[in-house]
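Subject: Structure handover

Hello,

Here is the structure I promised to pass on. Please open it alongside this message.

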Amino acid sequence: MHTPIRNQTTRVNGRAELVVTAGDARGGETAKLSHLFHRQPLRLFFPHPSRRSAFAAVLGNVSGGMVGGDQYAVSVKLEEGAKMLFTAQAAEKIYRTAGAETRVDTDIHVGEDAALYWLPQGTILFDGCRLRRMSQYHLAPDARMLAGEIVMFGRTAMGEELGRGLFHDDWRIRVAGRLVWADAFHMDGDLAATLAHPATLDEARAMASCVYVAKDAADHLSQAREILGDGEVTAAATAFDGLLLIRWMARDAAALRRSFGNFWCGFCREIGEDSANPPSIWHI
């Protein structure tokens, strides 16, 4: 378990820790709780699963959003054979700051023959925000993971524009200790110019990524592209080194979310994991 960075500008140190072990397969139980810790304003909730659904955990932020100086840390561990769906209570809001950065650190471990489905609600960036986020995933050789993220650049339906700020999003995925994917998205200063430039986001107001990590990842590339189809948003898929990567970009955040949700459901059926489909909270 790691400790979030602290400094003189820190407002809150929210933390959530979760460890699950394999459940009783005879009773349809995909996992059971082994360790739980949460510190305000982060909370973990556990909706009652149906017989066809995977064990699910829902992360909530009772403060209603994040501002400069906030430090958050999330640690999740799946023991051997466990299967879990992890999502959030709502889209996370990153508000304006006077200068201090918001920091979010996520550390995930997926054991042998375990499966994690990390389903985002999304992140909404507000004008003047400063967010620095690091997500690290550690998988055993026979583990598998489907994980995503959705980022919305302001609430366009409210007429909001994203002008200036910082957004740094860093992912690291390791399998059996070997780094298989490193990805960092960084923009600082004049965000409006970066969003508008045709060589960067071409006036997109939302983007998303989804990563499937498994030994058979490359086998599902053609099916993933078929599920994406010729939809209403720009999307593409590629596969390499035991990893299938899907990207979305759109000027309409609601359309992107629909495309992401449709892909998630279709791809879960493709890999035989209907139990990892979005819970009802994802559709609210």
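Below is what turned up, starting with the strand in the middle of the findings.

Please keep in mind that this is a predicted model.

**Strand β15**

Start with β15, residues 206–213. Eight of its eight residues are buried, so the strand is largely enclosed by the rest of the structure. In a regular strand, side chains alternate between the two faces of the sheet. Both faces of β15 are covered. One side carries Ala206, Ala208, Cys210 and Tyr212. The other carries Met207, Ser209, Val211 and Val213.

β15 has antiparallel pairing with β12 (residues 144–153), over eight bridges. There, Gly148 has Cys210 of β15 as its bridge partner. β15 also runs antiparallel to β17, again with eight bridges. In that pairing, Ala208 stands opposite Trp248 of β17.

**Cysteines**

How many disulfides does a search of the whole structure find? Zero. Take Cys210, which counts as buried because its relative accessibility is 0%, under the 20% limit. The closest cysteine sulfur to that of Cys210 belongs to Cys268. The gap is 8.3 Å, and a disulfide needs the sulfurs within 2.5 Å, so the pair is too far apart for a bond. Cys265 is in no disulfide either. For Cys265, the nearest cysteine sulfur is also that of Cys268, 6.9 Å away.

**Nonpolar cores**

The largest nonpolar core has 51 residues. Which members touch the most other members? They are Met84, Phe86, Leu116, Trp118, Leu125, Phe153 and Ile173. Another core lies apart from it, with 36 residues. Its members include Ala56, Ile124, Ala224 and Ala253.

Leu125 is worth a click. Setting aside neighbours within four places in sequence, Leu125 contacts Ile94, Leu131, Leu162 and Phe167. Leu125 also contacts Val151, Met152, Phe153 and Gly154. Phe153 is thus on two lists: it is a contact of Leu125, and it is among the core members that touch the most others.

**Backbone points to check**

Three loops deserve a look.

- Between β2 (31–39) and β3 (42–45) sits Pro41. The peptide bond from Gln40 to Pro41 is cis, with omega near 10 degrees.
- Ala176 is in the loop between β13 (164–175) and β14 (178–190). Its phi is positive, about 55 degrees, although Ala176 is not a glycine. Is Ala176 buried or exposed? Ala176 counts as exposed, because its relative accessibility is 55% and the cut-off is over 50%.
- Asp241 is in the loop between β16 (234–240) and β17 (243–250). Asp241 is not a glycine, yet has a positive phi of about 50 degrees. At 44% relative accessibility, Asp241 counts as partly exposed.

**Arg43**

Last, Arg43 in strand β3. Arg43 is partly exposed, with a relative accessible area of 30%. Which residues does Arg43 touch, not counting those up to four places away in sequence? They are His38, Val58, Leu59, Gly60 and Val62. Thr30 is 13 residues from Arg43 along the chain, and their C-alpha atoms are separated by 22 Å.

Over to you.

Best wishes

Note on methods: Residues numbered from 1 in each chain as written. Predicted model: local features only at pLDDT ≥ 70, side-chain atom pairs only at ≥ 80, totals over all residues. Heavy atoms only, no water. Core = buried A, V, L, I, M, F, W, Y, C linked by side-chain atoms within 4.5 Å. Buried < 20%, exposed > 50% of the residue type's maximum accessible area, 1.4 Å probe, protein only. Contact = heavy atoms within 4.5 Å. Helix = DSSP H or I, 4+ residues; strand = E, 2+ residues; numbered from the N terminus. Pairing = 2+ DSSP bridges.
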